[in-house]
Amino acid sequence: HAEPGGQQLKALVKAVGSAFRSVSVLNASFRSGPLAPTPEASGVNLLKVRKAYKTLVFEFGSAELVTTLGRATLSMCDELAKQRVPTDDPA
(Lines give C-alpha, C1' and ligand atoms only; values in the text may rest on other atoms or scores of the structure.)
Protein backbone atom coordinates (compact mmCIF):
# COMPACT_ATOMS: atom_id res chain seq x y z
CA HIS A 1 0.00 0.00 0.00
CA ALA A 2 1.11 3.52 -0.68
CA GLU A 3 2.08 5.75 2.18
CA PRO A 4 -0.46 8.50 2.82
CA GLY A 5 0.42 12.04 1.80
CA GLY A 6 2.02 14.50 4.22
CA GLN A 7 -1.13 15.88 5.83
CA GLN A 8 -2.85 12.49 5.91
CA LEU A 9 0.21 10.89 7.48
CA LYS A 10 0.42 13.61 10.14
CA ALA A 11 -3.25 13.10 10.99
CA LEU A 12 -2.77 9.33 11.13
CA VAL A 13 0.32 9.62 13.34
CA LYS A 14 -1.57 11.93 15.71
CA ALA A 15 -4.59 9.58 15.88
CA VAL A 16 -2.40 6.52 16.45
CA GLY A 17 -0.45 8.34 19.15
CA SER A 18 -3.66 9.24 20.95
CA ALA A 19 -5.42 5.90 20.59
CA PHE A 20 -2.56 3.54 21.35
CA ARG A 21 -1.30 5.57 24.32
CA SER A 22 -4.51 5.18 26.31
CA VAL A 23 -5.77 1.91 27.75
CA SER A 24 -9.34 3.22 27.89
CA VAL A 25 -9.32 4.43 24.27
CA LEU A 26 -7.75 1.20 23.05
CA ASN A 27 -10.30 -0.85 24.99
CA ALA A 28 -13.18 1.18 23.58
CA SER A 29 -11.80 0.96 20.05
CA PHE A 30 -11.44 -2.81 20.04
CA ARG A 31 -14.39 -3.96 22.18
CA SER A 32 -15.80 -7.38 21.51
CA GLY A 33 -18.70 -6.89 23.90
CA PRO A 34 -19.08 -5.48 27.39
CA LEU A 35 -15.80 -4.62 29.06
CA ALA A 36 -16.28 -6.89 32.02
CA PRO A 37 -13.08 -8.93 32.23
CA THR A 38 -13.35 -12.52 33.33
CA PRO A 39 -10.66 -15.19 33.57
CA GLU A 40 -11.82 -16.39 30.14
CA ALA A 41 -12.23 -13.10 28.26
CA SER A 42 -11.01 -9.52 28.48
CA GLY A 43 -13.83 -7.96 26.46
CA VAL A 44 -11.23 -6.71 23.97
CA ASN A 45 -10.84 -8.26 20.53
CA LEU A 46 -7.09 -8.88 20.64
CA LEU A 47 -7.06 -10.25 17.08
CA LYS A 48 -8.27 -6.83 15.86
CA VAL A 49 -5.56 -5.15 17.95
CA ARG A 50 -2.93 -7.43 16.40
CA LYS A 51 -4.25 -6.75 12.89
CA ALA A 52 -4.19 -2.99 13.54
CA TYR A 53 -0.56 -3.15 14.70
CA LYS A 54 0.37 -5.28 11.68
CA THR A 55 -1.29 -2.85 9.28
CA LEU A 56 0.26 0.21 10.89
CA VAL A 57 3.76 -1.27 11.05
CA PHE A 58 4.01 -3.20 7.80
CA GLU A 59 1.56 -1.74 5.31
CA PHE A 60 2.17 1.99 5.70
CA GLY A 61 5.94 1.76 5.74
CA SER A 62 6.35 4.97 7.74
CA ALA A 63 9.18 5.21 10.25
CA GLU A 64 7.41 8.11 11.98
CA LEU A 65 4.25 6.03 12.37
CA VAL A 66 6.16 3.04 13.77
CA THR A 67 8.05 5.28 16.20
CA THR A 68 4.83 6.92 17.37
CA LEU A 69 3.15 3.52 17.78
CA GLY A 70 6.11 2.27 19.81
CA ARG A 71 6.14 5.31 22.08
CA ALA A 72 2.38 5.16 22.55
CA THR A 73 2.54 1.46 23.41
CA LEU A 74 5.35 2.10 25.91
CA SER A 75 3.26 4.86 27.50
CA MET A 76 0.30 2.50 27.78
CA CYS A 77 2.52 -0.18 29.36
CA ASP A 78 3.75 2.40 31.89
CA GLU A 79 0.12 3.26 32.67
CA LEU A 80 -0.71 -0.43 33.17
CA ALA A 81 2.38 -0.98 35.34
CA LYS A 82 1.05 1.61 37.80
CA GLN A 83 -2.24 -0.26 38.17
CA ARG A 84 -3.10 -3.56 39.77
CA VAL A 85 -3.72 -5.76 36.74
CA PRO A 86 -4.81 -9.38 37.30
CA THR A 87 -2.48 -11.95 35.77
CA ASP A 88 -2.06 -15.70 35.69
CA ASP A 89 1.09 -15.35 37.80
CA PRO A 90 0.29 -16.52 41.37
CA ALA A 91 3.09 -14.40 42.85
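Thr68 is found in helix α4, where helices are DSSP runs of H or I with at least four residues, strands are runs of E with at least two, and both are numbered from the N terminus. At 16% relative accessibility, Thr68 counts as buried, a class defined as under 20% relative accessible area, with exposed meaning over 50% and partly exposed lying in between (1.4 Å probe, protein chains only). The structure is a predicted model, in which local features need pLDDT of at least 70 and side-chain atom pairs count only at pLDDT 80 or more, while totals for chains, interfaces and linings use all residues. Residues are numbered from 1 along each chain as its sequence is written, and side-chain values use heavy atoms, with hydrogens and water left out.

Leaving aside residues up to four places away in sequence, Thr68 touches Val13 and Gly17, contact being defined by heavy atoms within 4.5 Å. These two residues of α1 also appear in the helix pairing, in which Leu9, Leu12, Val13, Val16 and Gly17 of α1 meet Glu64, Leu65, Thr68, Leu69 and Ala72 of α4. By class, this contact has seven nonpolar, two polar and one charged residues, where Ala, Val, Leu, Ile, Met, Phe, Trp, Tyr, Cys and Pro count as nonpolar, Asp, Glu, Lys and Arg as charged, and the others, Gly among them, as polar.

Helix α1 (residues 6-19) and helix α4 (residues 63-81) pack at an angle of about 15°, with their axes 9 Å apart; the axes are lines fitted to C-alpha atoms over the stretch in contact, and angles run from 0 to 180 degrees between N-to-C directions. The two helices α1 and α4 are therefore roughly parallel to each other, since angles under 35 degrees fall in that class.

Ser22 is found in the loop between α1 and α2 (23-29), and at 17% relative accessibility Ser22 counts as buried. With residues up to four places away in sequence not counted, Ser22 touches Met76 and Glu79.

The distances involving polar side-chain atoms of these two residues are set out below.

| Side chain | Partner | Distance |
|---|---|---|
| Thr68, polar atom | Glu64, backbone oxygen | 2.9 Å |
| Ser22, side chain | Ser24, side chain | 3.1 Å |
| Ser22, polar atom | Val25, backbone nitrogen | 3.2 Å |

For the protein as a whole, there are four helices and zero strands, and buried residues make up 25% of the 91 residues. Among contacts with a separation of 6 or more, 53% are accounted for by residues 24 or more positions apart.

How values were computed. Angles under 35 degrees count as roughly parallel, over 145 as roughly antiparallel, 65 to 115 as roughly perpendicular and the rest as oblique. A polar contact is a pair of N or O atoms within 3.5 Å; within protein, one must be able to donate a hydrogen and the other to accept it, and residues adjacent in sequence count only if both atoms are side-chain atoms.
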